[in-house]
Amino acid sequence: MHSSKKNWVWTITLIVTIICCAAVLILHVKNWVTNDDSSLGLRSGFYNVEIPLNELDSVLFVERIPPMQRLHGFSALEKEKGVFREFKDSLTDKRVHVFVDNINQQKVKLVYKDSSYVYFNLKDSVETIQLYEKLSINNSTLSKPN
């Protein structure tokens with residue numbers, strides 16, 4: 001009878017651990033995009049980047065992400081998310097944010113603040129293309145002189 005009273009602590013600890021792990025998994029399942037008139041926000045679990053559209057220099061479609069060193073993040077199945085550093089810039093501390101839901105599809109490469117990079121795509125390639133077109137139109141209207 002005495003040992004069953006101690007087991008409830010471990011049972012609660014196990015349940016809380018499982019709930020926390022499930023919450024982290026759900027947060028990383030997809031990229032959450034917020035796109036308003038002045039900024040683009042990309043969020044996936046612990047990783048978050050907010051890009052003001054007036055600081056956006058270029059929007060490109062790329063087939064592959066260049067080789068990079070992972071500072072922290074993860075790769076699982078078709079997903080790759082986290083903060084990376086390009087090999088050619090290993091002497092500097094320039095960080096590249098990667099939010100890729102499907103490694104086999106094309107990725108959007110955003111360059112902002114003259115030298116900061118973000119690579120991303122969404123699980124649905126049609127949504128990725130629509131967001132790319134919207135950002136391209138936004139970028140071309142912002143870069144036109146008066």
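**Two sheets, one pocket and a salt-bridge network**

I would like to begin with a single pair of residues, leucine 56 and, opposite it in strand S8, tyrosine 112. What I am showing is a predicted model, and everything I say this morning should be heard with that in mind.

That pair belongs to the contact between strand S4 and strand S8, the latter covering residues 107-112, and these two strands run antiparallel to each other, joined by six bridges. They are part of an open sheet of six strands, whose order, read across the sheet, is S4-S8-S9-S7-S6-S5, and whose pairing is mixed. Strand S4, residues 56-62, and strand S5, residues 68-76, form the edges, each of them pairing on one side only. If we ignore direction, neighbouring strands in this sheet are turned against each other by 15° on average. As a general reminder, strands of a sheet pair through backbone hydrogen bonds, in either the parallel or the antiparallel sense.

There is also an open sheet of three strands, in the order S1-S2-S3, and here the pairing is antiparallel. Its edge strands are S1, residues 32-35, and S3, residues 47-52, each of which pairs on one side only, and the twist from one strand to the next averages 10°. Within this sheet, S1 and strand S2, residues 39-44, are paired in the antiparallel sense over four bridges, and one residue to look for is threonine 34, whose bridge partner in S2 is glycine 41. Serine 38 sits in the loop between S1 and S2. Its relative accessibility is 48%, so serine 38 counts as partly exposed, given that a residue has to be over 50% to be called exposed. Serine 38 is separated from isoleucine 51 by 13 residues in sequence, and the distance between their C-alpha atoms is 8.7 Å.

Let me now turn to the side-chain contacts. How many salt bridges does a search of the whole structure find? The search finds three, and I will take them one at a time. The general idea is that side chains of opposite charge can pair when their charged atoms come close.

One of them joins glutamate 80 and arginine 70, with a nitrogen-to-oxygen distance of 4.0 Å. Because glutamate 80 lies in strand S6 and arginine 70 in strand S5, this pair ties together parts that are ten residues apart in sequence. Arginine 70 is partly exposed, at a relative accessible area of 39%.

Another is formed by the side chains of lysine 79 and aspartate 101, at 3.9 Å from N to O. This pair links distant parts of the chain, 22 residues apart, with lysine 79 in strand S6 and aspartate 101 in the loop between strand S7, residues 96-100, and S8. Are lysine 79 and aspartate 101 buried or exposed? Both of them are buried.

Aspartate 101 also meets lysine 81 in a salt bridge, at 2.7 Å from N to O. Here too distant parts of the chain are linked, since lysine 81 belongs to strand S6 and aspartate 101 to the loop between S7 and S8, 20 residues away. Lysine 81, like aspartate 101, is buried. Taken together, Lys79, Lys81 and Asp101 are linked in a network of salt bridges.

Two members of that network, Lys79 and Asp101, reappear in the lining of the largest pocket. The volume of this pocket is about 200 Å³, and the other lining residues are Val24, Leu25, His28, Val29, Phe74, Ala76, Leu77, Glu78, Asn102 and Lys123. Which elements give two or more residues to the lining? They are helix H1, residues 2-28, and strand S5, and the largest share, three residues, comes from H1. By class, the lining has six nonpolar, two polar and four charged residues.

I will finish with one of those lining residues, leucine 77, which is found in the loop between S5 and strand S6, residues 79-86. In general, most residues other than glycine have a negative phi. Leucine 77 is not a glycine, and yet its phi is positive, at about 55°. With a relative accessibility of 90%, leucine 77 counts as exposed. That contrasts with lysine 79 and aspartate 101, which are both buried, although leucine 77, lysine 79 and aspartate 101 are all among the residues that line the largest pocket.

How values were computed:
Residues numbered from 1 in each chain as written. Predicted model: local features only at pLDDT ≥ 70, side-chain atom pairs only at ≥ 80, totals over all residues. Heavy atoms only, no water. Pairing = 2+ DSSP bridges. Axes fitted to C-alpha atoms, helices over the stretch in contact; angles between N-to-C directions. 1 Å grid on protein atoms, 1.4 Å probe; cavity = no way out; pocket = protein on both sides within 12 Å on 5 of 7 lines; lining within 4 Å. Points joined across faces, edges and corners; volume = space filled by probe spheres on them. Nonpolar A, V, L, I, M, F, W, Y, C, P; charged D, E, K, R; others polar. Buried < 20%, exposed > 50% of the residue type's maximum accessible area, 1.4 Å probe, protein only.
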